[in-house]
Amino acid sequence: MEKKDTAIHMPKTDFPMKGNLNQREPEFYKKWEDDKVYEKLLEKRKKENAPSYILHDGPPYANGNIHMGHTLNKVLKDIVVRYRSFKGYYSPYVPGWDCHGMPIEHKVAENLGSRAKTMTKPEIRRLCHEYAMKYVKLQGDQFKRLGIMGDWENPYLTLNKEYETKMVDIFWEMYKNGLVYRGLKPVYWCCRCETALAEAEVEYADHKSTSVFVRFKIKDDSKSKAKPGKDAYVVIWTTTPWTLPANVAIALHPDFDYAVYEAAGEKYILAKGLKTQFEEKTGISGLKEISVFKGRDLEYAVCSHPFVERDSLVINADYVTLETGTGCVHIAPGHGHEDYVAGLKYNLQILNPVDASGHYTNEFELMKGEHVFAANLKIVELLKEKKALLAQEEITHSYAHCWRCKSPIIYRATNQWFISMEKNNFRAKALDEVKNVKWFNEWGEDRISKMISGRPDWCISRQRSWGVPIFVFTCKDCGESIVTEKTIAKVRALIKEEGSDGWFKHTAKEILGEECKCPKCGSGNVDRGNDIFDVWFDSGASSFSVLETRDDLSWPADLYLEGSDQYRGWFQSSLLAAVGFRGKAPFKSVISHGWILDGQGRAMHKSLGNVINPLDLIKKGGADVLRLWVASEDFTADQSISEEIMSRVTDSYRRIRNTFRYMLSAVNDFKKENAVPYEKLSAFDKYALHRMQVLLDSLDKYYERFEFHRVYREFTNLCSTFLSSYYFDVLKDRLYTFKSNGIERRGAQTVIYKMLINLTKAIAPVLAFTADEVWQFIPQELKNENHIQLEKWTNEKEPLLSDEEVQGWEIFNKLRDAALKKIEDKRKEKIINHPYEAVINISYASAKLDRILKKLSKEEVEQMIIVSGVSYSPAGKLEDKEWDFGLEITAGKSDAVKCERCWRYTDTTGSNPEYPGLCSRCVENLG
RNA sequence: GGGCCUUUAGCUCAGUUGGUUAGAGCACUGUGUUGAUAACGCAGGGGUCGAUGGUUCGAGCCCAUCAAGGCCCA
């Protein structure tokens, strides 16, 4: 008889232990693109008539490299979309970019330097366009590097014609509904450049100003609680005397103490805490306190303006401080932002007696034509003349200057376009729609409701070049703003054809043709407006501009998923645009993620030097590790990232990778026809399948609820606690030493194969690259599709065990742990080393345990505890008590002989003279 | 200053309607294997649950105040 090969069946695979992700992932992405995986997936689902699930992408700003915030956001979306696709949904992902706005215009202007002034708007816009497109491409490539799947060939851009065309419709609908109105609002204004400035264009530098103490005589105290009398004066302090002509109110802090003081026969009202300072500055001494009241008590008293025939109302404002001045603040809503806000609250008049070049208009007849900065001294003279000036001094303080011409700037009320929150019950409607949305963050609804309740009217106009024009014409003769059905039709055609560039290239006459006529005065002297939309209006329009203009998408979206800053931003602008346009919320559900912080929980700042760059992390560890990090934390709260955290995630990735590697190697010689039917599997195998099914069911639930950190936890826990340390460890004996085509080995492979397929699918939404890499190693005949993305979450479920059976296994596992502990004790005593050197005896008195053990053969138990021998010593009379009743486990060293093939210590080793080193089981299992 | 949120072992997370010595995985330490080896097993140490006060027979869980941190406003 020929001697058989005694070699064992070692696991084998070419799947590398080391991921080498930074090199490999881009190759994978390329393969996805070459194989048109995304397109095929959508086609396939469409053919299946799958229900759709639309996640609408919030557009990042097309500027700069991607940072951790982008990474978090896009990976989360990708997990959602991939999961939904797996579950059989038609789930297209159309990424978008926010392309207009200040930052880009600012950068372009910066690059141009002094040349900017000589360029026309269309020329500057062309450069802005190029700039935006450059970053669309750059960020797009970076997003792809993260493994994000979507329609990258055809993203949506807020500068696209069809996008802008939809904005015409939205604007017109809101205009028709009376939501849009024109009003005054102060903006930063450079009188020298004669232009509005954005926050980012303002620089601060020291500036010398004349500050003045001015008294306002009380005219009527009948409406206020405090009654200081008509001979008292409220004293204000200001560093901008030129704004006094626009004064309409005086603000006091509601909670501060104010007093009426008497000196030299005059009564002055100022904050109690500033009395001494007041005496020093004005030289008025010996102030005698007459009465004291809270700021709120003087609310609604009326003063007389010192040099204009006008009332000045006493109001309350929380931002009043006691740092300098008198605690009584001069309010000119046309010349200050806070003044403006206070003005809205008290319905104050917004006055703007200053023209674009900084000269007083005839609204302030007295100094008409005077430049406001030069007028300061004249105002002082005027105050003296009116006996209203109590003191003046020159002070140097930080003051806003124009970034371009470096001259000091002013706040100047200008005409702006607004969306009213009140007309047609708009605010109430928006709040109602909030209630129809599922806010996955429990506090989300509360947060956005409060914001909408408290927000002012939405100012949608900006005085810039890089944006979508507000589709309004102006009559140069009568000043009428012209928006009619006919002009809108013309504008719509223009935008559709040329995009908003057309607006800036053509005159009103060219755009409107025979419609170029003021409907009010009939003049043909019509100009196109120069304002553009606030970029939040651009992006707020996206639900319509994108979902309604693409065949593959539909409105409303199933989900918006953005950072928590978007309750104020995009969630809100989208909601308002949608309620204004269609009366409905644009999303069925919303979930927000937190901010990314460093290891200490601090925000990342360049100045703190704690900024972590995702591109660096990808280079170091690969995108899948980064994706795993995203999944590992509870994204609804803020999340931390640090070297330690990444190092933990990397460890965890390696564990997962190796688990897959082991599964691949264990089924390397497995074929479909080798599969063992469920009924013929061992009890332990059935238990393993049960565990797998329980895991899959919870993962499914967690994905659906966006609880990815639970997916991560359950998945890694199963890999460690059940698979590596238990099931696979136990299976080694069967896989390596049993007959290669025997039922024991094939049974084990059947289970591992099922796990391999299902676990790869289950983690594929997170580990996009690795899952597909694993997939490539699965033999063709064992899978349906070449790429895992095209597969579906498995529908057929493995049978679950009964509760009683599960309980039995839980008890057995505890018994196993107890046995391992005993063996460990012997190892510490240096009695044994390898587990197979051990034999154990289990003596017990529980009938419960007896029933459990009787269901298993001795060989199975030996295998599962991984020892060479198990013996039982049941008590003579078993009692129906807890499983560990009377339990005693002893471990010892086997005195049998080691089989050199399976390493077990057995009495049969050497019983066959042909194979002297082998045990009888091994001899039987050769081949 | 206001609205909303976060705070449990080194890290990431669990902790059901308040009820006995607060859990998991990873990391760490020790150790075994060398037939998953840049891998795998076993065992062990580690937290006064951000702080203080209160309600209660009893609080990580309820209430109040404070602190640190975050987003959005001012």
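Modeller: A residue is near a molecule or strand if one of its heavy atoms lies within 4 Å of it. This is a predicted model, where local features need pLDDT of at least 70, side-chain atom pairs count only at pLDDT 80 or more, and totals for chains, interfaces and linings use all residues. Side-chain values use heavy atoms, without hydrogens and water.

Biologist: How many residues surround RNA strand B, and which are the closest?

Modeller: There are 51, and the closest are R447, G601, R713, Y736 and N833. Of the strand's atoms that come within 4 Å of the protein, 79% belong to sugar and phosphate.

Biologist: Which polar side-chain atoms lie by a phosphate oxygen of RNA strand B?

Modeller: A polar contact is a pair of N or O atoms within 3.5 Å; within protein, one must be able to donate a hydrogen and the other to accept it, and residues adjacent in sequence count only if both atoms are side-chain atoms. Here, R661 has a polar side-chain atom 2.8 Å from a phosphate oxygen of the strand, and for H709 the distance is 2.7 Å.

Biologist: Now helix α10: which of its residues are buried?

Modeller: Helices are DSSP runs (H or I, at least four residues), numbered from the N terminus. Buried means under 20% relative accessible area (1.4 Å probe, protein chains only). In α10 (residues 426-435), the buried residues are F426, R427, A430, E433 and V434. They lie on the same side of α10, because they cover an arc of only 125 degrees around the axis, taken from the directions from the helix axis to the C-beta atoms.

Biologist: Why do residues three or four places apart point the same way?

Modeller: An α-helix has 3.6 residues a turn, so such residues share a direction.

Terms used. Residues are numbered from 1 along each chain as its sequence is written. Chains are lettered from A and ligands numbered from 1 in the order in which they are written. Buried means under 20% relative accessible area, exposed over 50%, partly exposed in between (1.4 Å probe, protein chains only). Helices (H or I, at least four residues) and strands (E, at least two) are DSSP runs, numbered from the N terminus.
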